[in-house]
Amino acid sequence: MKKLISLVLAFMMIFSASATFSAEDTKAFDGYVYMTVEKLTLGQGFVIEPVKVGYYKEDSLGDIAERCLGDKSTFKGDISQYYLEGVVDGGNPENWSEKDIPTDIYNKLTQSGEEITDRAEKNILQSYDFTQYSGWMFTVDNTGINAGAGSIKLGEDSSKGYCYEDGSVIRLEYSLYGYGEDIGISYGYMPFETTNTFADRSELIAYVSEIKDSGESEKYGDAYSNALSLLSKWDITKEEIESVILALDEVGNTSTPDEVEDNHNAQWKGAMNNFKDGNAVTDIPVVKNEPEEKWSYALNREVGSWDYYYAGQTVIVDDYLYGTGGGKLHKVDIETGEGEAVATAGSSDFSYDYMAYGDGMLFVATSNSIEAFDIDTLKSIGKVTGSFNYYHPVQYNKGYVICNGNIFRVNKNSENVLEKVGDFPIGGDNFCWSQGAFVGDYFYVTATNNIYCVDYKTNTVVYSYSFDPDSSASFITGQVCYDEKTGYLYWASYQQNNLYAISINKDGSFDASSYTSADIGQKSVCAPVVYNNRIYVAGQSGVITVINGDSTSDEFLSVIYKTDNSVMKIQSNPILSTAHEEETGNVYIYVQSYNSPGNIYYLEDNSDKTSGELTLLTNLTTDSTVAYAFEQIAIDKDGCIYFYNEEGYLYCYGEKERHTYNEYTSNLDGTHKKLCDKCEKEETENCSFTDGVCTNCGCHCDEGIYGDVNLDGVVDVRDAVVLQKYCVKIEQLSENQEFLALFDGAEDISIRTVTQIQKFIGEDLKDTTIGTKTVRYYI
């Protein structure tokens, strides 16, 4: 009971809002944070939508909340004892009922026997409204604050370790159940299944706040309103957040607010760049049913040139694929597979050319240079030389390029497009095959036996951890991925058979107590993929090892199973698609095999499986016997897969094309046009008649003989008599009879028409259509 009372007291200290300042200081703010006031647990959206709020360096979290809330705050008193009982929100929306409470919360309340009451005051939402657990609570940068908001200062850790920073995202949220359990703040007293599984929406809140502050929300239109709509929902996914951020990026300024303007639509920014955290999990429905080869493209291929020919990496922007290989940079139409342009770029010897996209530029890295190309013209706009090894992932993020531990600042409008940051590689260490992960403001990357946390804008090692100090190996190449759910970084190794893991603290430092490693039974140069408490590592044994990723379990990092079959070896990073999970209960992990000719395989998996096999997806028919593959596979927005082999073939595989047609337009010539509902592709085909009517377009078909106006199957004097009666208006003709009387291109029926038939009967008329078969089409 004492624990519960102390929890309630702490909870009351946290419930916070804002103070009304009669006179605001006129001096400029020392910085800004982003803030929301939310009642999502009621299904009622925002009280205050995402907004940028200024602060002075002496302000507490309570001061900031008061500045944001203004007259919506009910707080009165000493700001250092800040407790917010209620917020003026205007009351429940019209027709709102308790059934509008998100289902998970509502079920938890009712199952626990909790009575859902009403508000104490109509226009104010305050503590103990609706339930005995309710009230206002703070999170700062997605972490619940278990301290009085009046004591929380800028960058000053209190005894509880709480503070806010410049650019922090502060959410004031109304909780209904478990003293914060329903908004992701857990004290462990009232378990709630979804606690701590909520996706971090901080980046999107900051993004939307910046757009609003810049006055450009109208420019962003539906993308902006869709982002607000998503943020107004109680439970949203990481994939949904990434999707609306991408939509915002694509409207006029494809960059987040602190990036350079870019009006291109980047579908695939490069193998090491499409997933900034290194965790290649997508909700794109990647091809899996009846895949077919859409096209193949030869990148300067010469038969038998394998000793000198290595293909590279792919980028997909504005429906064009950009690929390197054989010392060339190619631009290929992804719809047709036809080459549009070629430029000299990259290596023509034994080397893997990595490529990244950012801010309208392609960055091509070889073993001794990085060159920037304008994506519209393929013209070189800047180049730096150095030593970047043969395996040198190049990564771009917010105006910086990182390759082989070297960092460059990018300025497209400068004479020095690539300006080196710092004199040495990160930590002065040696790098090889090292892909890093961007998490928050930091870049995490491994080299030799160390993992580094780097402020990449200054090339400053903020934290480091020596994870294998006793090893003599100098070629431990770990491609890093970050799991947002657990806060762990993961990487595998080439010389050891290990998977390594370490969690990071809120400040970006490494939690040394969490470090662990496990033997996974194969060497690997691939980045792990993490999803739903499972870690997937592909490697040199040609299998995918499936590993327990539940960091709370005693079985953490233990091997669940390895795929039953192998494919020689795998050196391309896996990609995991969740798109079919709701339909099939499974996720699909795609890899490329190293054995000739470099086919794509996939593993079908779910949380219950203890075995699985690699299933062949593609069926390449190239006659090459040396077409191995290391290059990273790529996907586009439609789920097509693009991949190389090392003899210079580039392939596109997609779902077998299926059209659905509901719109048909007759051409009135025995054919009609049909329009696909999905892709809007138009085709012309022959009509299919049943009883003289096309079953698709409804066109009617009447067969006849020119001149046979009485429809008896022959042209004789009786037809002439019928036409004579028609001409003197004694008899009428049907539309079909009129059609058969308009032979030889005539435009009307007259006595001349009768004469022509008489001449035909007497065999005095030779060059005529009279007596020939014809068809009349009509609607």
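This briefing describes one open sheet and two residues with positive phi. The structure is a predicted model. The sheet has four strands in the order 10-41-40-39, paired in the antiparallel sense. The two residues are F130, with phi near 70°, and D141, with phi of about 50°.

**The open sheet**

- Strands of a sheet pair through backbone hydrogen bonds, and the pairing is either parallel or antiparallel.
- In the order 10-41-40-39, the four strands of this open sheet show antiparallel pairing.
- Strand 10 (291–298) and strand 39 (634–635) each have a single partner strand and stand at the edges, so each has one side without a neighbour in the sheet.
- Seven bridges join strand 10 to strand 41 (residues 649–655), and this pairing is antiparallel.
- Across from Y297 stands L650, a residue of strand 41.

**Residues with positive phi**

- Most residues other than glycine have a negative phi.
- F130 is not a glycine, yet its phi is positive, near 70°.
- The loop that holds F130 runs between strand 4 (124–126) and strand 5 (135–140).
- The relative accessibility of F130 is 1%, which is under 20%, and therefore F130 counts as buried.
- D141 is likewise a residue other than glycine with a positive phi, here about 50°.
- D141 is located in the loop between strand 5 and strand 6 (143–144).
- The relative accessibility of D141 is 29%, a value between the cut-offs of 20% and 50%, so D141 counts as partly exposed.

Conventions. Residues are numbered from 1 along each chain as its sequence is written. This is a predicted model: local features need pLDDT of at least 70, side-chain atom pairs count only at pLDDT 80 or more; totals for chains, interfaces and linings use all residues. Side-chain values use heavy atoms; hydrogens and water are left out. Two strands pair if DSSP finds at least two bridges between them. Helices (H or I, at least four residues) and strands (E, at least two) are DSSP runs, numbered from the N terminus. Buried means under 20% relative accessible area, exposed over 50%, partly exposed in between (1.4 Å probe, protein chains only).
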